[in-house]
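Here is a short briefing on a ligand and the protein residues around it. Look at the sequence and the model first, then read on.

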Amino acid sequence: MSSKKHARIIGMGSYLPSKILSNADLEKMVDTNDEWIFSRTGIKERRLAGETEYTSEMGAKAALKALENAGVAVEEIDIVLVASMTPDYISPSTAVIIQRLIGAKNAAAMDLQAACTGFIYGLSMAKAYIESGMYKNVLLIASEKMSAFVDYEDRNTCVLFGDGASAAVISKEHSGLSIDAICLGADGEMAELLYIPAGGSRQPSSTASLENRQHYIKMEGKELFKHAVRQMAGASKECLAKAGLSDTDISWLIPHQANVRIMDAVAKNFSMPKEKVFKTIDKYGNTSASSIAIALDELQQQYDIQKGEHLLLVAFGAGLTWGASVLTKI
Ligand code: ACO
């Protein structure tokens with residue numbers, strides 16, 4: 001497949017808060033232990049944003065690094081897209097706050113909500129804007145302050161999630177990672193497998209909702225696990241076919257970092273060796289929309305991806321939502 005006409009990721013940057021929450025720390029907070037957490041999830045530690053370190057601030061820090069790496073001035077950005085399930089406010093968007101923080105005065109700005117699949121959904125929008133000729137430079141940011149919505153009294157969820165942000169500048173003009181193919185999916189029938197019951201129009205915040213801890217993430221982990229493996233494997237195959245590639249053409253698989261056992265089960269569908277599945281979950285846990293973008297950024301810092309190499313991103317999240325994308329270094 002020719003990469004010439006496709007939109008490209010021309011620069012990336014990430015931001016991880018400095019505070020570490022280890023499994024040992026969690027042992028003091030809920031009835032859990034390092035052995036259970038690591039063997040069931042692959043997580044050793046995760047990062048926690050400070051009290052005044054908001055989703056917007058982490059996103060802005062990642063965005064400034066991405067702009068610098070892309071060699072694009074902030075004034076050249078046409079639109080700021082923010083993928084997040086943990087916005088600063090319900091309204092206005094986190095995108096406008098980031099636009100203000102970084103001074104992207106010529107840019108439009110909006111949020112998109114596809115939970116952990118947000119970065120891939122955002123890539124599809126960026127690709128469409130660029131390839132239609134509507135915009136020249138898109139700034140896509142994935143930022144999550146999961147700790148603001150995690151119940152640190154609920155051992156089923158609090159061990160899994162972490163905070164962090166990553167950003168990508170997408171354009172047509174330079175070399176980078178060509179966005180060759182994207183496949184997206186959703187199944188609203190299972191919307192309540194992972195959700196935050198209160199705080200929206202359906203159940204506005206009230207004393208009762210706070211007392212019942214309804215403003216925190218609720219999750220049915222076992223059910224999600226099954227769907228995650230099935231949908232990520234399916235989306236990967238569909239996307240490879242769309243790109244005209246087979247699994248042996250892929251140099252790296254970069255899955256959403258939710259659980260190491262999910263990643264290993266997805267990788268079993270492919271012939272690539274285990275060490276070609278890129279993982280950051282041990283250090284950062286599940287950072288939702290940010291997770292794939294943080295991993296992609298780290299992969300490029302650690303390895304010199306050569307021209308012609310193909311990468312496969314695949315994600316799954318609340319909604320349910322899922323998606324995959326084939327990127328080619330050009
Ligand atoms: N420490 C110790 N014990 C625990 C903990 C904990 N932190 N959490 C749960 N347990 C207990 C359970 O209560 C249960 O005990 P019981 O048998 O007495 O009831 C036991 O451990 C086994 O629980 P399971 O739910 O069967 O454990 P499982 O092997 O399924 O692992 C996990 C749970 C890690 C949540 C797994 O199901 C999972 O990762 N699911 C996917 C979750 C996910 O990906 N969510 C995010 C997707 S969407 C997004 O990323 C926004």
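Which backbone N or O atom lies 3.0 Å from a nitrogen atom of the ligand? That backbone atom belongs to R155. The model is predicted. The ligand lies between two domains, because domain 1 (3-174) and domain 2 (180-329) both give residues to the shell around the ligand.

**Polar contacts**
- The side chain of R40 has an N or O atom 2.6 Å from an oxygen atom of the ligand.
- H256 places a polar side-chain atom 3.0 Å from an oxygen atom of the ligand.
- Of the 1,000 Å² of accessible area that the ligand has on its own, the protein covers 77%.

**The pocket**
- The ligand takes up the space of the second largest pocket.
- Four elements give two or more residues to the shell around the ligand: α2 (34-41), α6 (155-158), α8 (221-243) and α9 (260-267).
- α8 gives the most, with 4 residues.

**The shell**
- The ligand is surrounded by 23 residues.
- T32, R40, C116, K222 and N259 are the closest of them.
- By type, the shell residues divide into 10 nonpolar, 8 polar and 5 charged.

**Putting it together**
- R40 appears twice: this residue is among the closest to the ligand, and its side chain makes the 2.6 Å approach to a ligand oxygen atom.
- R155 approaches a ligand nitrogen atom through its backbone, whereas H256 approaches a ligand oxygen atom through its side chain.

Key. Residues are numbered from 1 along each chain as its sequence is written. This is a predicted model: local features need pLDDT of at least 70, side-chain atom pairs count only at pLDDT 80 or more; totals for chains, interfaces and linings use all residues. Side-chain values use heavy atoms; hydrogens and water are left out. A residue is near a molecule or strand if one of its heavy atoms lies within 4 Å of it. A polar contact is a pair of N or O atoms within 3.5 Å; within protein, one must be able to donate a hydrogen and the other to accept it, and residues adjacent in sequence count only if both atoms are side-chain atoms. Accessible areas come from the Shrake-Rupley method with a 1.4 Å probe; for residues, only the protein chains shown count as cover. On a 1 Å grid over the protein atoms alone, a cavity is a set of points where a 1.4 Å probe fits but cannot get out, and a pocket is an open set with protein on both sides within 12 Å along at least five of seven lines; lining residues have an atom within 4 Å of a point. A molecule sits in a cavity or pocket if more than half of its atoms lie within 2 Å of its grid points. Ala, Val, Leu, Ile, Met, Phe, Trp, Tyr, Cys and Pro count as nonpolar, Asp, Glu, Lys and Arg as charged, and the others, Gly among them, as polar. Domain bounds come from an automatic or database domain assignment.
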